[in-house]
Amino acid sequence: MNAVPPKKRAQSRPRIPKGYRPNNLGDPHVERVLSITMAVATEVSVLHDKIDTMARLSESQSKFSIADIEAYEPTAEVKAEREKWRKDYLQRLLRIMWEDIPDAPEARGTSYSGVVREVSGE
Amino acid sequence: MQSLALHPMLPRQSSEEQSRHAFLVDFKNMLSRDLSGRLQGVYETEALPEFRKRFNRDPETRQDVAKVMREQPFYQIWSALNRVQQELYVDSTADCVERQLPGLIDKYKDLKKNAKHGTLELSPELKIPRYISAVDIHCIPGGYFLELAEDDVYAGARYDIGSFIFGRGERGPLNDARGQTGVDFLKKNYPDLKPKRILDLGCASGMNTLPYVAAYPGAEVYGIDVSAPCLRYAHARAEALDIPCHFSQQSAEHTTFEDGSFDIVVSHILFHETSRKAVGTILRECHRLLKPGGVMLHLDVPRRLTATTPYDQFVADWDTMNNNEPFWGTFLFDIDIRKLALEAGFAESQLKETLANVPGGKMNYWALAATKAGA
Ligand SMILES: C[S@@+](CC[C@H](N)C(=O)[O-])C[C@H]1O[C@@H](n2cnc3c(N)ncnc32)[C@H](O)[C@@H]1O
């Protein structure tokens, strides 16, 4: 099946670095989920560019191939638009990092249970 | 970025890879530039008052700051995101190189066989220092030494493309801003040097070695490193660019060159990846290798001089515990490098520790320079 002699065939590489794995979030599962989330976010950005390429190709020609998509070279203007999109997208994606979000449910501000009692009273 | 003049050894990015890398670079910039103000805000409004309350004084060291910052939820998620970014970026650039590896290895073999003026000498017996092999430095699985196939160039190619993309073209089409900075610094500070032989320590893929060839016509330029895959790539890259350079696998701590055999010895971001002991040993080796009147110049990350407050030093130290850079914080903030240079034989009056500007750019590097006495 494989014509390449075993010695020459490239092995697959390790994908996890040897060394210390920090646990910033206190739970390794949460760190893994964060990694999965950001990998998905990255691919969304990749898809955005690809859809943008297809939309632009479709403006100039009625039929285009996978090779046309790969060969498409964005102009400086298109690059700038995409960069702007990425910045806005990152802003939306990391919204949680830009807002003041209290960690304890009732920290900073009015007591919510107090409000519940208040509006529930006669 | 792809449209810059590319040399034949540089791995090419598919359009998907270009998009992926562009996103991951912007992601990093959002964390380290855009969100740095918020991080500092958290320090000033939450962590600093907490420290004062607990210890009845102000923080004096980066370790002091760490005591209260590492507890801050904002810092925790910021730090976790930085680590995630690093791993995703490295993995994606590694994918890009791995899929092109057989072709790159063939190009290397071809360029080596037809080498016009440069040389490559590998020493498989060389002992790799612990400081560079105990962990995978800056989270690159396999580090500088991974060999996936015979005559592998993987690590060298990944280092070049990884840093090329990250520089977003700001490091020049040949990704050689550090070498250009070294040249510029030497020309300005030592205008009378007429070097015959120049040595670059820890040259990796050789990007920052080659600028010295063009800057000093007629001089022989040598690059050494402990990584064979990086040196193979460096050799092929130099040949592809038609720039004569001699690469060999040696440790900067003890080279095989003769006493007084170089007019200039340089290094670029080598020190922070070594150890306290090794920095001293390398400085002694520089002294031994230089001719009287010769000059050594070491460039490294600028924060050694620019991060002066305990808070800035804490932020700068992120890589030690989060990016597998075991010597990073100690190199940046704890070692007295002037003292090590004096112990190595350089004279106080000849020593310069300063910032060197990247020509034509806003960035700079930390620089340590000295002339060997006795010319
Ligand atoms: C961050 S890279 C810098 C590469 C290059 N100077 C540049 O500026 O692009 C550090 C390099 O130093 C090498 N290195 C570490 N310790 C060394 C030693 N004792 N002797 C020679 N090279 C060493 C590593 O293998 C790695 O390639």
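**Reading a ligand site and three residues of chain B**

The shell around the ligand holds ten nonpolar, six polar and three charged residues.

Biologist: Happy to start there. What counts as nonpolar, charged or polar?

Modeller: Ala, Val, Leu, Ile, Met, Phe, Trp, Tyr, Cys and Pro count as nonpolar, Asp, Glu, Lys and Arg as charged, and the others, Gly among them, as polar. A word on the source: this is a predicted model, where local features need pLDDT of at least 70, side-chain atom pairs count only at pLDDT 80 or more, and totals for chains, interfaces and linings use all residues. Residues are numbered from 1 along each chain as its sequence is written, chains are lettered from A and ligands numbered from 1 in the order in which they are written, and side-chain values use heavy atoms, with hydrogens and water left out.

Biologist: Thanks! Which residues come nearest to the ligand?

Modeller: A residue is near a molecule if one of its heavy atoms lies within 4 Å of it. Here 19 residues surround the ligand, and Tyr131(B), Arg178(B), Gly202(B), Asp225(B) and Ala252(B) come nearest.

Biologist: And which side chains have an N or O atom facing a ligand atom of that kind?

Modeller: Look for polar contacts, pairs of N or O atoms within 3.5 Å; within protein, one must be able to donate a hydrogen and the other to accept it, and residues adjacent in sequence count only if both atoms are side-chain atoms. Tyr131(B) has a side-chain N or O atom 2.8 Å from a ligand nitrogen, and Asp225(B) has one 2.6 Å from a ligand oxygen. For Ser251(B), a polar side-chain atom lies 3.2 Å from a ligand nitrogen. The protein covers 100% of the 600 Å² of accessible area that the ligand has on its own (Shrake-Rupley method, 1.4 Å probe; for residues, only the protein chains shown count as cover).

Biologist: Is His7(B) buried or exposed?

Modeller: Buried means under 20% relative accessible area, exposed over 50%, partly exposed in between (1.4 Å probe, protein chains only). His7(B), in the segment before α1 (15–34), is buried at 4%. Its side chain makes a polar contact of 3.3 Å with that of Arg237(B).

Biologist: Where do residues other than glycine show positive phi?

Modeller: Cys139(B) has phi near 60 degrees and sits in the loop between α5 (130–133) and α6 (154–166), buried at 1%. Asp242(B), with phi of about 65 degrees, lies in the loop between α9 (228–240) and β4 (246–249) and is partly exposed at 40%. Helices (H or I, at least four residues) and strands (E, at least two) are DSSP runs, numbered from the N terminus.
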